[in-house]
Amino acid sequence: VQLQASGGGLAQAGGSLRLSCTGSGRTWRDYNIGWFRQVPGKQREFVGAISKSGGSTYLSDFVKGRFTISRNNLEKTAWLQMSGLKSDDTAVYYCAADPNSFGLEFVGDYWGQGTLVTVSS
């Protein structure tokens, strides 16, 4: 599966952005989708994931209550809805697909290119 992340941009603190992760290939629904972020010079952080069916989601504590993850398998798209943005959310965001791992164990077999989110305070 090939992934393409989009939707990044500039947002004000307290504002919202929605990132999209669009997949190609017939096997989209066979993959859990995860979101990660990385600030240059820092370790990559796991943001959260959604299961193959969309029935389960996992969000890291630092985004709980602010971010949500959803997907539509017919559209082969997953979304990361970000609200209550903080300057600390500034990073390059990546989506990844994994057929097996989920939650904190998410690894990611396939990765999209990143999309930059910049939050101004």
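Start by selecting Ala-91: this residue is buried, with a relative accessible area of 3%. Here buried means under 20% relative accessible area, exposed means over 50%, and partly exposed is in between, using a 1.4 Å probe and protein chains only. Before moving on, note that this is a predicted model, where local features need pLDDT of at least 70, side-chain atom pairs count only at pLDDT 80 or more, and totals for chains, interfaces and linings use all residues. Residues are numbered from 1 along each chain as its sequence is written, and side-chain values use heavy atoms, with hydrogens and water left out.

**Stop 1: around Ala-91**

Ala-91 lies in strand β9. Strands (E, at least two residues) and helices (H or I, at least four) are DSSP runs, numbered from the N terminus. Now add Gly-114 to your selection and draw a distance between the C-alpha atoms: Ala-91 and Gly-114 are separated by 9.3 Å, and they are 23 residues apart along the chain.

Next, pick Lys-42. You will find Lys-42 in the loop between β4 and β5. Is Lys-42 buried or exposed? Lys-42 counts as exposed, at 57% relative accessibility. From its C-alpha atom to that of Ala-91 the separation is 10.0 Å, with their positions 49 residues apart along the chain.

Step to Thr-90, in the loop between β8 and β9. Thr-90 is partly exposed, with a relative accessible area of 25%. The C-alpha atoms of Thr-90 and Lys-42 are separated by 12 Å, and the two residues are 48 apart along the chain.

**Stop 2: the disulfide**

Select Cys-21 and Cys-95 and show their side chains. A disulfide joins them, with an S to S distance of 2.2 Å. A disulfide is a covalent bond between the sulfur atoms of two cysteines; the cut-off used here is a pair of cysteine sulfur atoms within 2.5 Å. How many disulfides does a search of the whole structure find? The search finds 1.

Cys-21 lies in strand β3 (residues 17–24) and Cys-95 in strand β9, so the pair ties together parts that are 74 residues apart in sequence. Turn the view to look along the S-S bond: the torsion about it is about 75°, so the disulfide is right-handed. Cys-21 counts as buried at 0% relative accessibility, and Cys-95 is buried with a relative accessible area of 0%.

**Stop 3: the aromatic rings**

Now show the aromatic side chains. The structure holds 6 aromatic pairs. Rings of Phe, Tyr and Trp (its six-membered ring) pair if their centres lie within 6.5 Å; planes under 30 degrees apart count as stacked, over 60 as edge-to-face and the rest as tilted.

Begin with Phe-36 and Phe-106, a tilted pair at 5.9 Å centre to centre, with 55° between the planes. Phe-36 lies in strand β4 (residues 32–38) and Phe-106 in the loop between β9 (91–98) and β10 (110–111), so this pair ties together parts that are 70 residues apart in sequence. Phe-36 counts as buried at 5% relative accessibility, and Phe-106 is buried at 7%.

Then select Phe-46 and Tyr-58. These rings form a stacked pair, 5.9 Å centre to centre with 20° between the planes. Phe-46 is in strand β5 (residues 45–50) and Tyr-58 in strand β6 (residues 57–59), and the pair links distant parts of the chain, 12 residues apart. Phe-46 is buried, with a relative accessible area of 12%, whereas Tyr-58 counts as partly exposed at 26%.

Which residues do ring pairs link into a cluster? They are Phe-36, Phe-46, Tyr-58, Phe-106 and Trp-111. While you are here, add Arg-44: its charged end sits over the ring of Phe-36, 5.1 Å from the ring centre. The rule for this is that NZ of Lys or CZ of Arg is within 6 Å of the ring centre and within 35 degrees of the ring normal.

**Stop 4: an unusual backbone angle**

Select Lys-76, in the loop between β7 (67–72) and β8 (77–82). Lys-76 has a positive phi of about 55° although it is not a glycine. At 26% relative accessibility, Lys-76 counts as partly exposed.
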